[in-house]
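Colleague: Please take a close look at the nonpolar interior of this model and describe how the chain contributes to it.

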Amino acid sequence: QGQRPVQEGTESFTPQLLQKLCSVVAGVAQNPADLADDKKANEVISVLQRIGEMLVWGVNVQGDMSPLVDAFITASPPPLPNLRELLMKTHMSRLKSRIDCQLLQTTHVIVQNAPPESALFNYLLSGWFLNKVVAHSFEFSDEDVMATFITTVNDIAKKLNEQNFPLFFDQSSSNSFPLFSEAVKFFHHPNEQIRANVIST
């Protein structure tokens, strides 16, 4: 069955709905063949957008102890592994670039709004989630994906501090500091705005 229409407005922002949305992501991550259906792919795009909207609202209106943030962090199954798995399987959809772009956009708005010392931001650091998003092989021939990626990397870099820096640096990996190594690849990009974002990163 398809997802029931979500009521517009923040009155629908409940922990139960957020956990339901996370379950939709989990279902597709475990059954990626579903992405071949454009209707399902569009549903996933809407779900990812809604998850971002709810978490941003929770952080900004309710604070770090938001029931929405708690619902996301404690959701079962855990959402971050499923988001990573979804990212690895978007090639199974004709709408790959749109799904990738929305996953980046959702990551971006959460990073942008979650203070570096917050529970939500620290949750994003768990399991190398942000590193794996940054190191992922996106289709940068798509201008929207490229722009959203660079903006996301730039905002992640702004959250670096003495306390969380070790969580971005993996000495056991051949790509030990993807936040830098992936951004620097675009240092000579012909687009001036992209170069400016790389330099500021």
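Modeller: Helices are DSSP runs (H or I, at least four residues), numbered from the N terminus. Thr 106 has its place in helix 5. The model is predicted, so local features need pLDDT of at least 70 and side-chain atom pairs pLDDT 80 or more, whereas totals for chains, interfaces and linings use all residues. Residues are numbered from 1 along each chain as its sequence is written, and side-chain values use heavy atoms, without hydrogens and water.

The largest nonpolar core (buried Ala, Val, Leu, Ile, Met, Phe, Trp, Tyr and Cys residues joined through side-chain atoms within 4.5 Å) has 53 residues. Among those with the most contacts inside this core are Leu 18, Leu 48, Ile 51 and Phe 72. Two or more residues each come from helix 1 (15–30), helix 2 (38–62), helix 3 (67–74), helix 4 (79–89), helix 5 (96–113), helix 6 (119–125), helix 7 (129–135) and helix 8 (143–158). Helix 2 gives the most, with ten residues.

Leaving aside residues up to four places away in sequence, Ile 51 touches (heavy atoms within 4.5 Å) Leu 18, Leu 21, Cys 22, Val 25 and Phe 72. With the same exclusion, Thr 106 touches Leu 48, Gln 49 and Gly 52. Thr 106 counts as buried because its relative accessibility is 8%; buried means under 20% relative accessible area, exposed over 50%, partly exposed in between (1.4 Å probe, protein chains only). Phe 13 is likewise buried, with a relative accessible area of 12%, while Trp 57 counts as partly exposed at 24% relative accessibility. Phe 138 and Phe 149 are both buried.
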